[in-house]
Amino acid sequence: MTMTSKMIYVHIPFCDSKCYYCNFCSSIYSEKIKKNYFLKLTEEIKLNKNKNINISSIYIGGGTPSSVDEKYIKTIIEELYKNFNILKNAEITIEANPCSINKNKLLCYKNCGINRISFGVQSLNNKCLKIIGRKNTKKQAINAIKLARKCEFNNINADVLIGIPNQNYLILKNTIKNLIKLKIPHISCYMLINEKGTKLTDLIENKKIKVVNEDKSVEYYNKIFKYLKMHTYCRYEISNFAKDNFECKHNIGYWQLKEYYGFGLSAHSFIDGSRYSNTSIMQEYLNNKLEYKKEKPSKTQQIEEMIMLELRTVYGVDVKQLKNLGYDIVKEKKEEIDFLVKNKFIFLKDNHIKICEDKFGVTNQIILKLLP
Ligand SMILES: C[S@@+](CC[C@H](N)C(=O)[O-])C[C@H]1O[C@@H](n2cnc3c(N)ncnc32)[C@H](O)[C@@H]1O
Ligand code: SF4
């Protein structure tokens with residue numbers, strides 16, 4: 001019997017400072033909490049031990065994994081190797097902030113088998129970086145990328161934000177241009193979301209910063225897509241652009257509903273059709289018995305999830321798989337599909353519904369039309 005492989009996500013909820021736009025589960029904690037956190041994380045990994053499970057990718061995300069002492073990252077990776085069967089060609093990613101990376105950390109990551117680095121670059125314009133509360137400068141980001149290359153990391157991603165207040169198209173294009181010059185093989189371009197409860201939203205509500213017009217962001221996004229395409233980056237998902245063979249296997253796994261374990265504060269797992277989640281409260285995670293909240297998604301939830309995740313990718317949503325879940329989308333959404341096809345928003349190919357190349361900017365509106 002062949003066993004399908006699974007993936008592992010590890011959450012590191014620590015940051016050196018909080019960026020104005022971010023509402024991820026991350027904060028600034030003492031060294032003592034960090035130490036206890038990694039002890040608990042090790043305990044959680046051991047608790048889920050299963051050497052029969054093949055792991056095809058590991059993603060150490062956050063927060064900012066690079067903000068902690070590298071000895072912690074080493075321990076976690078070693079623990080994963082001891083408790084699971086990590087495949088030889090597994091993709092192992094770590095997220096890093098240009099402010100907190102250095103040669104020792106990079107060499108340590110390399111030695112433990114990490115083979116992909118994802119940098120939070122956001123922008124290579126110092127004014128833009130400042131306005132969103134980033135602590136790094138353009139120079140630091142460029143140096144971090146160069147240092148990673150020197151330490152023999154070829155598989156590098158840079159996160160870039162579209163829609164930063166005061167960012168115009170030229171500023172955005174210059175960021176991308178510099179990243180292309182640095183030969184970064186993977187770029188994630190996210191539309192900046194004004195999340196509730198963040199300092200950025202506060203500043204906007206108090207009229208200290210002007211909100212960015214959504215249509216402008218979509219226009220910039222479409223132009224950046226063309227620019228990246230011209231430089232042979234393929235958009236394989238709405239926010240993700242890669243050179244050939246540099247697509248992130250871990251992310252593709254999420255979009256294709258592959259099973260994964262999630263370890264750490266606020267982490268989620270998806271195993272045997274059920275979703276398990278950890279607490280998001282640090283004291284609860286550290287002091288309580290490890291207990292997961294379990295949820296079995298209903299058929300409708302599974303259908304919705306499949307449409308929402310798969311339509312964002314160039315691979316599209318599988319009509320047959322939806323039918324297997326009891327949703328005959330072609331029949332039930334005939335009118336909507338006819339309209340969307342006629343107006344060149346979507347097309348049907350090899351039993352998949354796919355979004356037309358120039359319509360990814362309105363993916364959310366298309367998804368809404370096709371949900372059950
Ligand atoms: C965990 S962080 C990346 C690593 C590191 N913490 C850093 O920021 O340098 C993940 C990414 O999520 C994106 N992100 C965070 N908050 C966002 C928001 N409100 N809207 C859009 N993207 C956001 C940023 O691009 C960020 O780089
Ligand atoms: S964007 Fe990254 S560095 Fe900034 S607060 Fe969020 S997780 Fe931390």
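This passage describes the surroundings of two ligands and of two residues, Ser239 and His352, in a predicted model.

Ligand 1 has 18 residues around it, and those that come nearest are Gly63, Thr64, Gln122, Arg134 and Asp159. Sorted by class, this shell consists of eight nonpolar, six polar and four charged residues. Polar contacts to ligand 1 involve both backbone and side-chain atoms of the protein. On the backbone side, a polar atom of Tyr21 is 3.1 Å from a nitrogen atom of the ligand. Thr64 places a polar side-chain atom 2.9 Å from a nitrogen atom of ligand 1. For Arg134, the partner is an oxygen atom of ligand 1, which lies 2.8 Å from a polar atom of the arginine side chain. Of the 560 Å² of accessible area that ligand 1 has on its own, 93% is covered by the protein. Four elements give two or more residues each to the shell around this ligand, namely β3 (84-96), β4 (116-122), β5 (156-162) and β6 (186-191).

The shell of ligand 2 is formed by Cys15, Ser17, Lys18, Cys19, Tyr21, Cys22, Ser26, Gly63, Thr64, Asn97 and Arg134. Its composition by class is four nonpolar, five polar and two charged residues. Gly63, Thr64 and Arg134 are found around ligand 2 and are also among the residues that come nearest to ligand 1. Tyr21, whose backbone makes the polar contact with a nitrogen atom of ligand 1 described above, likewise belongs to the surroundings of ligand 2.

Ser239 is located in the loop that runs between β7 (234-237) and β8 (240-242). This serine counts as buried because its relative accessibility, 14%, is under the 20% cut-off. When neighbours within four places in sequence are set aside, the contacts of Ser239 are Ile187, Ser188, Cys189 and Tyr190. These contact residues fall within the range of β6 (186-191), one of the elements that give two or more residues to the shell around ligand 1.

His352 belongs to strand β15, which comprises residues 352-355. The side chain of His352 reaches the backbone oxygen of Asp350 at a distance of 2.9 Å. Beyond neighbours within four places in sequence, His352 is in contact with Tyr315, Gly316, Val317, Asp318, Val319 and Phe347. A separation of 40 Å lies between the C-alpha atoms of His352 and Leu129, two residues that are 223 residues apart along the chain.

How values were computed
Residues are numbered from 1 along each chain as its sequence is written. Chains are lettered from A and ligands numbered from 1 in the order in which they are written. This is a predicted model: local features need pLDDT of at least 70, side-chain atom pairs count only at pLDDT 80 or more; totals for chains, interfaces and linings use all residues. Side-chain values use heavy atoms; hydrogens and water are left out. A residue is near a molecule or strand if one of its heavy atoms lies within 4 Å of it. Ala, Val, Leu, Ile, Met, Phe, Trp, Tyr, Cys and Pro count as nonpolar, Asp, Glu, Lys and Arg as charged, and the others, Gly among them, as polar. A polar contact is a pair of N or O atoms within 3.5 Å; within protein, one must be able to donate a hydrogen and the other to accept it, and residues adjacent in sequence count only if both atoms are side-chain atoms. Accessible areas come from the Shrake-Rupley method with a 1.4 Å probe; for residues, only the protein chains shown count as cover. Buried means under 20% relative accessible area, exposed over 50%, partly exposed in between (1.4 Å probe, protein chains only). Contact means heavy atoms within 4.5 Å.
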